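Reader: I would like a close look at one part of this model, the enclosed space inside it. Please set it in its surroundings and tell me where to trust the coordinates.

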Amino acid sequence: MSTSTHARDQRLGLWLGILGVAVFGITLPATRLATGTAEAPQLSPWFVTLGRAALAGLLSAVFLLVTRSPLPQRRHWRPLAFATLGNALGYPLLLALALRTVTAGHAAVVTALLPLVTAVIAALVLRQRAHWGFWLCAVAGSALVIVFSLLRASPQGGFGLDPADLLLVGGVVAASAGYIYGAQVTPALGAERVICWVCVLALPVTLPATFVLWPATPVAPVAWAGLVYLGVFSMWAGFFAWYRGLALGGALRVSQAQLLQPFFSILAAVPILGERIDAMTLGFALAVVATVLLGKKLAQPPAAARAIAD
C-alpha cells in the first residue's frame, strides 16, 4: 500500500470513528426521548430496551443472511451470550430506567467512565498488569463522578447518591463486561458480525416480549422516533461505522475519538430535549474525560503509547 493510500485510509478511518461516536452520543437523549420523564412518561424502559434490541436483531438477521455468514463455533456462544446480557439487555435497560429521572447531560458525565471501566475489567479479567498511575486514574475518575452525583442529588433525597446514578454505574459495568466478552470472539467472527450475532441471540426473548409489552395507550411520535433511532443506529448501524473506522484508521488512534462521546451527548440534548449546558456538567465531563485519557495511556504498554503519539 502506498503512503498516500495509507494516509487516506487513516483519515477516513478517523472520520468514520468520529461518526460512530456521534451516533452513540445521541443514544442518551434519544433514550430519554423514548422513555419520557417521571412526570410525563412515554414508552416504558422495559419496552424501549426490548424493542430496540428486537429491531436491531431483525436488521442483523438480514445482514447475516445476505452476507452468508457462517454460524459461530461452539466455543463462541458463551462469550456471545455474556455480551448479549451486557450490551443488548443490561446496559440499555439500566440506562432507560435512569433517564426517566436524570437529564441526558447528567448521564453523560457518569457514562463518560465507560472506556476506563472497560480497561479496569480487562485488567482484572485478563490478569493484565497495569501501571499504578492507571489505578490512580480509575479512582480519581470514579471520585469525580461520585462528587458530581452528590452535588446533583435531588433535594428530596438529601446529600446522597440518586438511585438513577447507581443504575447508570451498573449500566457502565454491564456494558464494559459485554465489550470484554465481545472482544474475545471478534478476531474469529469479525467486529460487525459480533454485534449482529449479539442482537440475533437476543431475538428469542426480545421479539416476543416486544409484542407482549406493546403500549396500550397512545405514545407521542417523538418517543417512537427515539426508539427507532436506538434500534437502527445506536445498536446497529453505529457499530458498522465505528468498527470500520477502527480497521482503517488503526484501533489505537481511532479509539481516542471515544473521548468525545459525552460531549456529543451533552450537545445533542440541547436541540433534542431542550436541556441547557451548564458549567458544572461541562466542567465535570472535561475532568472525567481527562482522567480517562490519562488512564488509557497508562494502561497500555510503552510501545502502544508511543504508537498513539506518532
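Author: Start with the whole. This is a predicted model. Its protein chain has 14 helices and zero strands. Read from the N terminus, the order is α-α-α-α-α-α-α-α-α-α-α-α-α-α. The chain has 310 residues, and 50% of them count as buried. About 14900 Å² is exposed, with carbon and sulfur atoms supplying 70% of that area. Contacts reach far along the sequence. Take those with a separation of 6 or more: residues 24 or more positions apart make up 86% of them.

Now the enclosed space. Rolling a probe the size of a water molecule over the atoms shows where empty space is left. Here the structure holds one cavity of 30 Å³ or more. The volume of this largest cavity is about 110 Å³. Its lining consists of 13 residues. Nearest the centre lie T111, A112, Q258, Q261 and P262. Four elements each give two or more residues to the lining: helix 5 (104–111), helix 6 (114–125), helix 12 (261–273) and helix 13 (279–299). Helix 12 gives the most, with three residues. What is the chemical class of the lining? Nine residues are nonpolar and four are polar. No charged residue takes part.

Follow helix 13 next. G295 lies in this helix. Is G295 buried or exposed? G295 counts as buried because its relative accessible area is 0%, and the cut-off for buried is under 20%. Its contacts, leaving out residues up to four places away in sequence, are L116, F134 and C137. A140 gives a further distance to check. G295 and A140 are 155 residues apart in sequence, yet their C-alpha atoms are 9.8 Å apart in space.

A second buried site sits in helix 3, where T49 is found. T49 has a relative accessibility of 3%, so it counts as buried. Beyond its neighbours within four places in sequence, T49 is in contact with A88, L89, P92, L93 and A96. Helix 4 covers residues 74–98.

The loop between helix 3 and helix 4 holds R68. Which backbone angle deserves a check there? R68 has a positive phi of about 55°, although R68 is not a glycine. Most residues other than glycine have a negative phi. R68 is exposed because its relative accessible area is 73%, where exposed means over 50%.

Last, confidence. The mean pLDDT of the chain is 86, and 90% of the residues reach 70 or more. Among the elements, helix 3 (residues 45–66) has the highest mean pLDDT, 97. Helix 14 (residues 302–309) has the lowest, 42. Two stretches stay under 50. One covers residues 155–159, where the model has two contacts beyond four places in sequence. The other covers residues 303–310, where the model has nine such contacts.

Put the pieces together. T49 belongs to helix 3, the element with the highest mean pLDDT. G295 belongs to helix 13, one of the elements that give two or more residues to the cavity lining.

Note on methods
Residues numbered from 1 in each chain as written. Predicted model: local features only at pLDDT ≥ 70, side-chain atom pairs only at ≥ 80, totals over all residues. Heavy atoms only, no water. Buried < 20%, exposed > 50% of the residue type's maximum accessible area, 1.4 Å probe, protein only. Contact = heavy atoms within 4.5 Å. Areas by Shrake-Rupley, 256 points an atom, 1.4 Å probe, with all protein chains shown as cover. 1 Å grid on protein atoms, 1.4 Å probe; cavity = no way out; pocket = protein on both sides within 12 Å on 5 of 7 lines; lining within 4 Å. Points joined across faces, edges and corners; volume = space filled by probe spheres on them. Nonpolar A, V, L, I, M, F, W, Y, C, P; charged D, E, K, R; others polar. pLDDT = per-residue confidence, 0-100.
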